[in-house]
Amino acid sequence: MSKYDVLMAPLEFLILGGIRKKLMPKAYGNVLEIGFATGVNMKYYDMNKIQSFHALDTNEDMKYFDNVRYHTLSAEALPFEDKSFDTIVLTLALCSIEAPEKALKEIGRVLKDDGQYLFIEHQRPKTQFLYHVFKKINPTWKKYAGGCQIILETDSLIKSQGFILDKKNINVFHYGIAHKI
């Protein structure tokens, strides 16, 4: 188990596992998961609905599963044809991508027009008090959580890159399906 998995275990148990259980079975067709890492989403997919599965991460220490094509590279320059995926999955990784705007543009490029982008992200806290607390712990969190920035305004960022969101919120997490405008 990675340091990140240990750090996230309480949140996985209390919140994130339930979200993954609802969201990941919606993946279908040709699927690309960005920020694959240890493959935490794998147990939640309905593999009967998936034709091909590509896993992408910058870390070479990805956990390996059968019938998955692995790519060790960043999301800012995807080596795939335009409109080649029915589903793109990005969970709790947008915050640790160096240029998230570029990654979202690439997602839009390789996602089919009628495709779906499944996401789980955290959102900058709305209250000033929590925002200041998160801002204070952000440097330490970033160091131990794979570069994650907990004060990123992910909602606005996704929308600004040409997506509409069908989402729900639980505390600082938001999740759902994004479609290209």
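Which backbone nitrogen lies 3.2 Å from a polar atom of the side chain of Asp57? That of Phe36, as the first view shows. Everything here comes from a predicted model, where local features need pLDDT of at least 70, side-chain atom pairs count only at pLDDT 80 or more, and totals for chains, interfaces and linings use all residues. Residues are numbered from 1 along each chain as its sequence is written, and side-chain values use heavy atoms, leaving out hydrogens and water.

**View 1. Asp57 and its backbone partners.** Asp57 sits in strand β2, residues 50–57 (strands are DSSP E runs of at least two residues, numbered from the N terminus). Besides the Phe36 nitrogen, the backbone nitrogen of Asn59 is 2.9 Å from a polar atom of the Asp57 side chain.

**View 2. Asp57, buried without a salt bridge.** Asp57 is buried (under 20% relative accessible area, 1.4 Å probe, protein chains only), yet has no salt bridge (a side-chain nitrogen of Lys or Arg within 4 Å of a carboxyl oxygen of Asp or Glu). Arg20, the nearest side chain of opposite charge, is 11 Å away. Leaving aside neighbours within four places in sequence, the contacts of Asp57 (heavy atoms within 4.5 Å) include Gly35, Met62 and His71.

**View 3. What helix α2 packs against.** Helix α2 spans residues 100–110, and its buried residues include Leu104, Glu106 and Ile107 (helices are DSSP H or I runs of at least four residues). The buried residues of α2 pack against several elements, among them β1 (29–34), β5 (111–122) and α4 (154–160).

Technical notes: Buried means under 20% relative accessible area, exposed over 50%, partly exposed in between (1.4 Å probe, protein chains only). Lys and Arg count as positive and Asp and Glu as negative; His and the chain ends are not counted. A polar contact is a pair of N or O atoms within 3.5 Å; within protein, one must be able to donate a hydrogen and the other to accept it, and residues adjacent in sequence count only if both atoms are side-chain atoms.
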